[in-house]
Every structure is written in C-alpha cells, then in structure tokens.
Amino acid sequence: MWVRTRAGVAGFVVLVLVAVIGVVLGMRQVGDRIRLPLASRSCTVQADGTVTLNAHQMANAATIAAIGIQHELPDRAVVVALATAYQESGLRNLEGGDRDSVGLFQQRPSQGWGTPTQIRDPRYAADKFYAALKKVRGWEEMRVTDAAQKVQRSAFPEAYEKWADESEVLTRALLGNATGAVVCTFGGDPAMRGEAAATALSRGLNLDWGLTSAVTTASLTGLTVAAGDQREGWRYAHWLVAHANDHGVKRVRFGDLEWTNRGDSWTRVGDESDRTAEVVAEVFGDA
C-alpha cells in the first residue's frame with residue numbers, strides 16, 4: 001500500500017512538471033504572437049493599415065524614423081529598424097534585458113555598441129543600428145527579418161518578420177507619405193509648459209531631424225518649422241504629434257489641417273487654398 005501511494009505521488013509530480021512546462025512554452029508562443037503592447041494605448045497611426053501605441057512607444061518610433069532620414073537611407077531601412085525595435089523591446093527604451101542588453105534595440109555594451117548610458121539614448125541607439133545596417137551588403141533586397149538578423153544576430157532570426165506590417169504602416173506615416181495619419185490623445189497635466197516646453201521641442205527637432213535654421217521659436221508657447229514640400233511637412237507634423245506628450249504640445253497645424261491633444265483626428269480649419277510652407281506647433285502656456 002505504501003509503495004502504491006509513493007508511486008502515485010511520483011506520477012502526480014511528473015504530471016505537474018509536464019503541465020508547467022507546457023504552460024511556459026504555450027505562454028512563450030502566445031507572447032510571440034502578441035501584436036501590440038497592452039498598456040496605455042493613446043496613439044493611433046492610420047496609413048494603409050492601423051497601429052496603436054502608447055505615448056512613449058510613439059515617440060520612440062518617430063525618433064527612429066527621423067534618424068533614418070538623417071542617414072539619407074531609403075524608407076525600407078526605417079521599416080527594418082522599426083521591426084527590430086518592435087521585436088527587441090516593444091519600442092520601449094528598456095533599462096536592461098538578456099545579459100547586458102540595453103535600450104530600444106537591446107544592444108550590448110560587451111559587443112561594442114557603446115556604454116549603457118549611450119545605448120539608452122534612443123537617438124544614439126538608432127544611429128548605431130543604421131550605421132550597422134549600411135554595412136550589410138544587399139540588405140535592401142533582403143526580407144525584413146533577414147536584414148535585421150544581419151545586424152542583431154539573434155537566437156530567433158525569424159522573429160522580426162512578424163512586425164513587418166506594423167512597421168510599414170508606421171514608416172508610411174512618419175516619413176510623410178500619409179496625411180493626418182498620426183493621432184494622439186492625452187489627458188491630465190502636460191509634462192512641460194511654456195518656454196521650457198518650446199525650447200525642448202525645438203532641441204528635439206534639431207537632434208532628430210538634423211535641423212538648424214529650419215526651426216524658429218514663434219513665441220514662448222510655440223514654434224514653426226519650415227517645410228520644403230507636403231511630404232516634409234507631414235514628417236514634421238507627425239513627429240510633433242508623436243512627441244506631444246513628453247513636450248507639452250497642445251496643437252499642431254499644417255496646411256488646412258489641425259490636431260489638438262484632446263481630439264481624436266485631424267480637423268479641417270481652413271480650405272484647400274490655405275497651404276503654407278511651414279508647420280506650426282503650440283505648447284501649453286505656463287500655469
């Protein structure tokens with residue numbers, strides 16, 4: 001009787017272990033298919049498809065796209081970079097990860113990507129990624145996941161491909177190939193106000209886009225950005241909306257369309273003849 005009971009307990013333990021392993025593997029597979037982060041979805045991008053992100057993810061995506069333009073790379077490079085950041089960090093600027101991995105692309109200081117502090121700077125991380133991608137011969141003709149893998153050398157080389165569609169949508173919007181495509185809605189007190197917000201916003205534009213004289217402070221509560229054409233204007237307009245939460249942006253206008261932080265779309269505020277060569281942004285005034 002004692003022997004049978006002992007055998008039964010052992011069998012029960014084995015079944016529990018098998019079940020636990022199954023649950024872990026199942027969660028890994030399900031997690032691998034999750035298309036979007038689950039928390040704080042406050043930005044929607046619509047450009048031949050729809051992507052929903054929170055404010056921080058949206059800002060990171062906009063910066064990654066802008067740095068790609070600074071490198072004078074084709075749109076395809078931005079798709080690859082965004083898909084990589086999607087897979088590696090969920091477009092979040094992580095403080096850590098596997099072994100010594102850090103930041104948006106989970107780059108490793110021990111592999112020569114830079115110091116942890118440097119890698120935690122989204123601009124630096126994106127710059128290093130694009131620099132590495134440019135060294136990959138023939139990356140332009142590769143699948144998204146193959147190009148990303150040449151840079152990242154991941155243990156899961158096929159993982160980047162599942163983010164290709166989302167990255168295509170983001171790239172179309174953030175590179176100005178869609179009109180009024182980025183909409184973010186924010187509530188509560190702004191993170192910054194007044195002159196401090198306008199100054200930080202101008203600095204961010206300069207750093208992300210490499211602008212120098214194109215940005216001028218219109219007042220203590222706003223700025224304007226010169227745009228050479230419609231595509232360039234929407235690049236800046238969408239970037240401003242993407243960074244609205246962390247820079248206290250209240251309103252963005254380009255041509256006859258306007259976004260406000262409380263709205264759920266771009267609205268017409270003029271007629272089609274109201275086409276200007278600049279993007280105008282207004283930040284919250286001092287309380």
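In this predicted model, Arg123 forms a salt bridge with Asp208, and the closest N and O atoms of the pair are 2.4 Å apart. A salt bridge is taken here as a side-chain nitrogen of Lys or Arg within 4 Å of a carboxyl oxygen of Asp or Glu. Arg123 lies in helix α5 (residues 122-134) and Asp208 in helix α8 (residues 194-209), so the pair ties together parts that are 85 residues apart in sequence. Helices (H or I, at least four residues) and strands (E, at least two) are DSSP runs, numbered from the N terminus. Asp208 is buried, with a relative accessible area of 0%, whereas Arg123 is partly exposed at 23%. Buried denotes under 20% relative accessible area, exposed over 50%, and partly exposed in between, with a 1.4 Å probe and protein chains only.

Residues are numbered from 1 along each chain as its sequence is written, and side-chain values use heavy atoms, with hydrogens and water left out. Because the model is predicted, local features need pLDDT of at least 70 and side-chain atom pairs count only at pLDDT 80 or more, while totals for chains, interfaces and linings use all residues.

By the salt-bridge rule, the count comes to 13. Another of these pairs is formed by Glu158 and Arg143, with the closest N and O atoms 2.8 Å apart. Glu158 is in the loop between α6 (144-152) and α7 (164-174), and Arg143 is in the loop between α5 and α6, so this salt bridge ties together parts 15 residues apart in sequence. Both ends are partly exposed: the relative accessibility is 48% for Glu158 and 36% for Arg143.

A salt bridge between strands is formed by Glu282 and Arg251, whose closest N and O atoms are 3.0 Å apart. Glu282 belongs to strand β9 (residues 278-283) and Arg251 to strand β6 (residues 249-254), and the pair links distant parts of the chain, 31 residues apart. Glu282 is partly exposed, with a relative accessible area of 29%, and Arg251 is partly exposed as well, at 26%. Elsewhere, Asp48, Arg76, Glu168 and Arg172 are joined into one network by salt bridges that share partners.

Strand β9 also holds Val279. Val279 is buried, with 0% relative accessibility. Contact is counted when heavy atoms are within 4.5 Å. Leaving aside neighbours within four places in sequence, Val279 is in contact with Leu223, Thr224, Val225, Gly233, Tyr236, Ala237, Leu240, Val252, Arg253 and Phe254. Val279 and Gly255 are 24 residues apart in sequence, and their C-alpha atoms are 7.7 Å apart in space.

Val225 and Tyr236 appear again among the contacts of Leu211, which also touches Leu205 and Asn206 when residues up to four places away in sequence are not counted. Leu211 lies in the loop between α8 and β4 (215-219). The relative accessible area of Leu211 is 12%, and the residue is buried. Between Leu211 and Ala226 there are 9.8 Å in space, C-alpha to C-alpha, for a separation of 15 residues in sequence.

Helix α2 (residues 55-70) has 16 residues, which at 1.5 Å a residue should span 22 Å; the end C-alpha atoms are 23 Å apart, which agrees. The expected span of a helix is 1.5 Å times one less than its number of residues. Of the 16 residues of α2, 14 are buried, so the helix is largely enclosed by the rest of the structure. At the start of α2, a side-chain oxygen of Asn54 comes to within 3.0 Å of the backbone nitrogen of His56. Glu72 follows α2 and has a positive phi, near 55°.

The model contains one disulfide by the rule applied, namely a pair of cysteine sulfur atoms within 2.5 Å. This disulfide joins Cys43 to Cys184, with an S to S distance of 2.2 Å. The link of Cys43 and Cys184 is right-handed, with 115° about the S-S bond. Cys43 is in strand β1 (residues 43-46) and Cys184 in strand β3 (residues 182-184), and the pair links distant parts of the chain, 141 residues apart. Cys43 is buried at 0% relative accessibility, and Cys184 is likewise buried, with a relative accessible area of 0%.

Key:
Polar contact = N/O pair within 3.5 Å; in protein donor to acceptor, adjacent residues only side chain to side chain.
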